[in-house]
Amino acid sequence: LFRTMERRLLGAIMNPAAIVSWVFGLASAWSGGWLAASPMWLWLKIGLVVLLSGFHIFLMSCQRQFAGGNNRRGQRFYRIINEVPTAILIGIVILVVARPFS
């Protein structure tokens, strides 16, 4: 049951949300003229979004390992990496709201 729920969450919610976020984020940056102006905060934010996307891909590989019964990591590892997206998202929000380095 857990594997089915995990697969549905990844396939029906997480992957489409990541794609939509990239599409609308790039469209917003393009239409706002931010890419042409190249403010430093935007490039830092894009860097954090790329890092978050890489983390998403890493978690997809972890999910595949779970599905195949090949998990090699303990619960402590997953508890620690559970905080990574929160830290990255806090950084992204701070960059967008404060817009330092403008």
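These questions and answers concern the aromatic pairs of a predicted model.

User: What should be kept in mind about how the values were obtained?

Analyst: In this predicted model, local features need pLDDT of at least 70 and side-chain atom pairs count only at pLDDT 80 or more, while totals for chains, interfaces and linings use all residues. Residues are numbered from 1 along each chain as its sequence is written, and side-chain values use heavy atoms, with hydrogens and water left out.

User: How many aromatic pairs does a search of the whole structure find, and what makes the one of Phe58 and Phe77 edge-to-face?

Analyst: The search finds four aromatic pairs. Rings of Phe, Tyr and Trp (its six-membered ring) pair if their centres lie within 6.5 Å, and planes under 30 degrees apart count as stacked, over 60 as edge-to-face and the rest as tilted. Phe58 and Phe77 are 6.3 Å apart, centre to centre, with 75 degrees between the planes, and the pair is therefore edge-to-face.

User: Why does the pair of Phe58 and Phe77 tie together parts that are apart in sequence?

Analyst: Phe58 lies in helix 3 and Phe77 in helix 4 (helices being DSSP runs of H or I, at least four residues, numbered from the N terminus), so the pair ties together parts 19 residues apart in sequence.

User: Why is the pair of Phe66 and Tyr78 called tilted?

Analyst: Its centres are 5.4 Å apart and its planes stand at 45 degrees, which is neither under 30 nor over 60, so the pair counts as tilted.

User: Why is Tyr78 called buried?

Analyst: Buried means under 20% relative accessible area, exposed over 50% and partly exposed in between (1.4 Å probe, protein chains only); Tyr78 has 18% and is therefore buried, whereas Phe66, at 29%, counts as partly exposed.

Notes: Helices (H or I, at least four residues) and strands (E, at least two) are DSSP runs, numbered from the N terminus.
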